[in-house]
Amino acid sequence: MIGSLPPRYRVNIDPVRCMECGRCIENCSYGVFSRDGDRIQVNSRNCTACHRCIACCPRDAISLEEHPCDYRSHPLWTREAREAIYNQARTGRIILAGMGNALDYPVIFDRLVLDACQVTNPSLDPLREPIELTTHLGKRPAKLDLRRREGGDVELRTRLTPNLRIETPVMIGHMSYGAISLNAQLAMARAAKETGTYMGTGEGGLHAALHPYQDRMIVQVASGRFGVNIDYLERGAAIEIKIGQGAKPGIGGHLPGEKVCADISRTRMIPEGSDAISPAPHHDIYSIEDLAQLVRGLKEATEWKKPVFVKIAAVHNVAAVAAGIARSPADAVVIDGFRGGTGAAPTVFRDHVGIPIEAAVASVDKKLRDQGIRNEISVIASGGIRGSADVAKAIALGADAVYIGTAALAAMGCRVCGNCYRGLCPWGIATQRPDLVARLNPDEASEQVANLIRAWTLELAELLGAAGINSIESLRGNRDRLRGYMLDESLMEVLDVKSVGA
């Protein structure tokens with residue numbers, strides 16, 4: 001018999017400060033707190049470290065301790081390795097988890113430093129000089145064909161493809177209705193509209209409440225085709241075909257039937273209470289030619305008025321796949337690194353499959369440049385973007401823009417506890433329980449997400465000015481503005497950056 005496992009957290013209540021108001025009981029959706037007569041009882045084994053109780057306690061009487069009782073230390077048989085065996089021995093099931101890769105891999109972004117100007121090449125002052133952060137996503141012509149008319153006017157004869165114009169190179173990635181609440185989607189949609197950027201719908205369709213923001217929405221077509229019809233496609237400003245996801249490359253998705261309420265049923269166009277299972281492959285795509293046919297079909301359905309993106313997971317052959325996508329009619333390739341978040345994924349995939357976004361973007365950019373087709377397609381990076389410095393470094397490695405996901409959720413209050421798949425999010429984000437969803441105020445949350453994007457945009461302007469660059473376009477693929485610190489030679493060769501001091 002395996003028996004009870006040591007608790008991961010210990011929740012303590014200071015009896016002097018606690019006034020037994022019961023707010024911890026009301027706010028904890030995991031059942032940590034209960035009332036026993038005049039006292040509040042604590043069951044630390046239910047704690048997920050979501051911090052809801054700490055945030056709501058009016059007397060700051062609650063504290064949290066991680067690993068209060070641990071196992072004998074061992075360099076190979078860590079707590080996580082042992083508990084995975086104990087849980088699978090007990091259940092015989094796949095272990096699920098939310099959020100991104102949780103292993104202690106080095107973060108490449110943290111080992112890249114940005115350049116700054118000094119005397120002979122002076123920096124720019126964003127407060128007094130224009131810094132252009134506007135970005136266009138889509139195909140660019142190799143050259144422009146111009147003709148001068150008799151009256152002297154110039155006529156553009158080159159046919160330009162539709163592009164998305166964003167005022168900042170930061171967009172909000174795809175998180176579906178079902179994985180997150182409608183209030184969370186509403187908050188991010190409003191923030192996208194306020195900041196002049198776009199957000200993704202995820203594979204869960206487009207709820208009617210989001211129709212006022214449809215000009216700022218990128219609709220997604222995934223393997224399950226949930227919610228996909230001509231009305232859905234026409235409402236989006238752009239369309240994204242999801243082939244893979246950084247948190248779980250090579251597999252599909254699964255929204256449990258208990259989360260498929262009447263509203264989600266209508267939006268996804270599936271029976272209420274049924275499991276929404278996305279197959280691992282698209283059953284009509286088995287080659288780049290098949291993918292190109294779907295891209296053309298979506299463009300035909302929307303009269304060639306909308307750009308079409310293709311999202312792939314960052315894996316070892318990502319550069320070759322991206323080069324194939326660039327030769328299709330697709331307008332942008334989205335590369336999702338192994339630190340990308342998710343509502344639920346097998347931990348064995350989340351933590352052990354895929355490669356970092358930094359290496360993936362650099363290799364894709366180099367491959368496209370070597371083949372002379374870099375302008376044929378835009379590159380969007382996602383998966384573990386934590387701040388404006390990460391944005392700048394991703395663009396310097398070759399991206400045109402980035403998607404953020406977990407950062408936007410954190411701006412709304414998410415504590416990254418990794419229990420999204422349980423549907424009990426006490427912050428009203430990754431849940432469909434009406435009482436929990438109501439905790440998230442879309443107006444307040446949208447302001448917080450918009451503030452985050454504005455703050456990052458201001459910092460990006462400062463970083464560009466310090467580097468003596470007056471447009472985000474001049475940073476794209478400009479690896480001379482990066483230097484590697486404590487990176488091995490082979491990785492620096494993949495990134496195509498020099499060492500500090502070089």
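# Notebook: barrel, cores and loops

I started with a strand pair. Strand β14 (residues 238-242) and strand β17 (residues 308-313) run parallel and are joined by 4 bridges. I note here that this is a predicted model. I then looked for one residue pair across these strands. Glutamate 240 stands opposite phenylalanine 309 in β17.

Next I asked which larger arrangement holds them. Both β14 and β17 belong to a closed barrel of 8 strands. I read its order as β11-β12-β13-β14-β17-β18-β20-β21, with parallel pairing.

**Helix α8 against the barrel strands**

I followed the chain on from β17. Helix α8 (residues 318-326) lies across β17 and β18 (332-336). Its direction is at about 165 degrees to that of β17. Is α8 mostly covered or mostly open? I found it mostly covered, with 7 of its 9 residues buried. The buried ones are Val318, Ala319, Ala322, Ala323, Gly324, Ile325 and Ala326. I then checked what covers them. The cover includes α7 (288-301), β17, β18 and α10 (357-370).

**Helix α11**

I made the same kind of check on helix α11 (residues 388-396). Here 8 of the 9 residues are buried, so α11 is largely enclosed by the rest of the structure. I listed the buried set as Ser388, Asp390, Val391, Ala392, Lys393, Ala394, Ile395 and Ala396. After α11 comes glycine 398, with a positive phi near 135 degrees.

**Two loop residues: lysine 259 and glycine 250**

I picked lysine 259 next. It sits in the loop between β15 (253-255) and α6 (262-268). Is lysine 259 buried or exposed? Its relative accessible area is 11%. The cut-off for buried is under 20%, so lysine 259 counts as buried. I then looked at what surrounds it. Beyond its neighbours within four places in sequence, lysine 259 contacts Gly178, Ile264, Cys420, Tyr421, Gly423 and Gln432. One of these, cysteine 420, also offers its backbone oxygen, which the lysine 259 side chain reaches at 3.5 Å.

Glycine 250 makes a contrast. It lies in the loop between β14 and β15. I found a relative accessibility of 66%. Exposed means over 50%, so glycine 250 counts as exposed. I also took one distance from there. The C-alpha atoms of glycine 250 and glycine 405 are 20 Å apart, with their positions 155 residues apart along the chain.

**Nonpolar cores**

How many residues does the largest nonpolar core have? I found 120. Met188, Ile404, Met412 and Ile429 have the most contacts inside it. Helix α14 (residues 442-466) supplies the largest share of this core, 9 residues. Where does the core lie relative to the domains? Domain 1 (9-71) and domain 2 (153-499) both give residues to the core, so it lies between them.

I looked more closely at methionine 188. Leaving out residues up to four places away in sequence, methionine 188 touches Ile172, Met175, Ile180, Met199, Ala408, Leu409, Met412 and Val449. Apart from the largest core lies another, of 14 residues. Its members include Leu137, Tyr198, Ile218 and Tyr403. For background, nonpolar side chains in soluble globular proteins tend to be buried together.

**Domains**

I went back to the domain assignment. It gives domain 1 (9-71) and domain 2 (153-499). Their centres, taken over C-alpha atoms, are separated by 36 Å. The contact takes 10 residues from domain 1 and 10 residues from domain 2.

**Strands outside the barrel**

I looked up an open sheet of 3 strands. Its order is β6-β22-β23, with mixed pairing. The edge strands are β6 (112-114) and β23 (498-499), each pairing on one side only. β6 pairs with strand β22 (residues 482-484) in the antiparallel sense, over 3 bridges. Which residue in β22 is the bridge partner of leucine 112? I found glycine 484.

Last, I checked a hairpin. Strand β2 (residues 33-36) pairs with strand β3 (residues 39-42) in the antiparallel sense, over 4 bridges. Phenylalanine 33 has valine 42 of β3 as its bridge partner. There are 2 residues between the strands of this hairpin. Glycine 37 takes a positive phi near 65 degrees there.

Note on methods:
Residues numbered from 1 in each chain as written. Predicted model: local features only at pLDDT ≥ 70, side-chain atom pairs only at ≥ 80, totals over all residues. Heavy atoms only, no water. Buried < 20%, exposed > 50% of the residue type's maximum accessible area, 1.4 Å probe, protein only. Polar contact = N/O pair within 3.5 Å; in protein donor to acceptor, adjacent residues only side chain to side chain. Contact = heavy atoms within 4.5 Å. Core = buried A, V, L, I, M, F, W, Y, C linked by side-chain atoms within 4.5 Å. Domains from an automatic or database assignment. Pairing = 2+ DSSP bridges. Axes fitted to C-alpha atoms, helices over the stretch in contact; angles between N-to-C directions.
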